[in-house]
Amino acid sequence: GKRFNYIDIPNCQPLLLMAFLKENGLDYDKEYYDYAIGADLYEQFMNKRYDIHSPKLSVKQYMLDDREETKNEMYRTVFFKWQTNTDMNREFKRLFPVTWASIDGFLADNDETMASVLQNMEAAIMNPIRPYNSHYFTLFDAIYFTSVADREYIINCIRESFDKLGIELRKVEYNKQKI
């Protein structure tokens, strides 16, 4: 019966990937960094034709024009499961060849998956946050809390975590508003 506020990190997976690359001394494209911190990486993949698997459609080409649909496809083929044989992953390689090569090389040399790498980084940022005045819980890249008095503290904790990773966090979302 309690009302919860939330703070979400927009474009979190692209930001976490950028932090991972920096933390491991891996090369990346400047354009990737710019789109990741600008929170508009997914838009670079929209309005293009891709062959994707869909429960509603057999494998066929269709236009990804919805940001959420594009984001989900990127999670499926780039951020969580590295699927180099998909159109989306090939487009990622075309747009960000240096970043792509760094990811591909890392995954070839390690037993980790992109999902585990990014989810562990996400947990390391969100789980230590302990609001003083609220009942709270974390859910992926968001924290839900009851007292507005904790808002600035939570935002500062998140920004400090990204600063330590060498990533400029330009935007957070508070109750559906970007701030």
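This briefing walks through the core, two helix pairings, the cysteines and a few single residues of the structure above. Please keep in mind that the model is predicted. Its largest nonpolar core has 48 residues, and helix H1 supplies the largest share of that core, with 8 residues. No disulfides are counted. Two residues other than glycine, alanine 39 and lysine 176, have a positive phi.

**The nonpolar core**

- Within the 48-residue core, the residues with the most contacts inside the core are Leu17, Phe79 and Phe92.
- Two or more residues come from each of helix H1 (12-23), helix H2 (30-37), helix H3 (67-79), helix H4 (87-95), helix H5 (97-109), H6, strand E5 (142-145) and helix H7 (151-164).
- Of these elements, H1 gives the largest share, 8 residues.
- As background, nonpolar side chains tend to be buried together in soluble globular proteins.
- Phenylalanine 79 is worth a click in your viewer: leaving aside residues up to four places away in sequence, Phe79 touches Gln13, Pro14, Leu17, Tyr32, Leu41, Tyr42, Met74, Met114, Ala115 and Leu118.

**Two residues of helix H6**

- Leucine 118 sits in helix H6, which spans residues 114-126.
- With a relative accessible area of 0%, leucine 118 is buried, because the cut-off for buried is under 20%.
- Beyond residues up to four places away in sequence, the contacts of leucine 118 are Gln13, Leu16, Leu17 and Phe79.
- Lysine 30 is 88 residues from leucine 118 along the chain, and their C-alpha atoms are separated by 20 Å.
- Methionine 126 also belongs to helix H6, and this residue is buried too, at a relative accessible area of 0%.
- Setting aside residues up to four places away in sequence, methionine 126 touches Ile9, Thr138, Phe140, Asp141, Ala142, Ile143 and Ile158.
- Serine 161 lies 35 residues from methionine 126 in sequence, with 8.9 Å between the two C-alpha atoms.

**How the helices pack**

- H3 and H4 meet at an angle of about 90°, and their axes are 9 Å apart.
- H3 is therefore roughly perpendicular to H4, since angles of 65 to 115 degrees fall in that class.
- On the H3 side, the contact uses Thr70, Glu73, Met74, Thr77 and Val78, while H4 brings Met88, Asn89 and Phe92.
- Sorted by class, the H3 contact with H4 holds 4 nonpolar, 3 polar and 1 charged residues.
- H1 and H5 pack at an angle of about 70°, with 11 Å between their axes.
- That angle makes H1 roughly perpendicular to H5.
- Leu17, Phe20 and Leu21 of H1 meet Thr99, Ser102, Ile103 and Phe106 of H5.
- This contact of H1 with H5 divides into 5 nonpolar and 2 polar residues, with no charged ones.
- Leu17 links two topics here: the residue is one of those with the most contacts inside the core and takes part in the contact between H1 and H5.
- Phe92 does likewise, as one of the core residues with the most contacts and as part of the H4 side of the contact with H3.

**Cysteines**

- The disulfide count is 0.
- Cysteine 12 has its closest cysteine sulfur in cysteine 157, and because the two sulfurs are 15 Å apart, they are too far for a bond; a disulfide would need them within 2.5 Å.
- Cysteine 157 is accordingly in no disulfide.
- Cysteine 12 is buried, at a relative accessible area of 2%, and cysteine 157 is buried as well, at 17%.

**Positive phi values and a strand residue**

- Alanine 39 has a phi near 60°, a positive value in a residue other than glycine.
- The loop between H2 and strand E2 (48-52) holds alanine 39, which counts as buried at 14% relative accessibility.
- Lysine 176 has a phi near 75°, again positive in a residue other than glycine.
- You will find lysine 176 in the loop between strand E6 (173-174) and strand E7 (177-178), and this lysine is exposed, with a relative accessible area of 71%.
- Leucine 139 lies in strand E4, residues 136-139, and counts as partly exposed at 39% relative accessibility.
- Asparagine 127 is 12 residues from leucine 139 along the chain, and 9.3 Å separates their C-alpha atoms.

Notes: Residues numbered from 1 in each chain as written. Predicted model: local features only at pLDDT ≥ 70, side-chain atom pairs only at ≥ 80, totals over all residues. Heavy atoms only, no water. Helix = DSSP H or I, 4+ residues; strand = E, 2+ residues; numbered from the N terminus. Buried < 20%, exposed > 50% of the residue type's maximum accessible area, 1.4 Å probe, protein only. Contact = heavy atoms within 4.5 Å. Core = buried A, V, L, I, M, F, W, Y, C linked by side-chain atoms within 4.5 Å. Axes fitted to C-alpha atoms, helices over the stretch in contact; angles between N-to-C directions. Parallel < 35°, antiparallel > 145°, perpendicular 65-115°, else oblique. Nonpolar A, V, L, I, M, F, W, Y, C, P; charged D, E, K, R; others polar.
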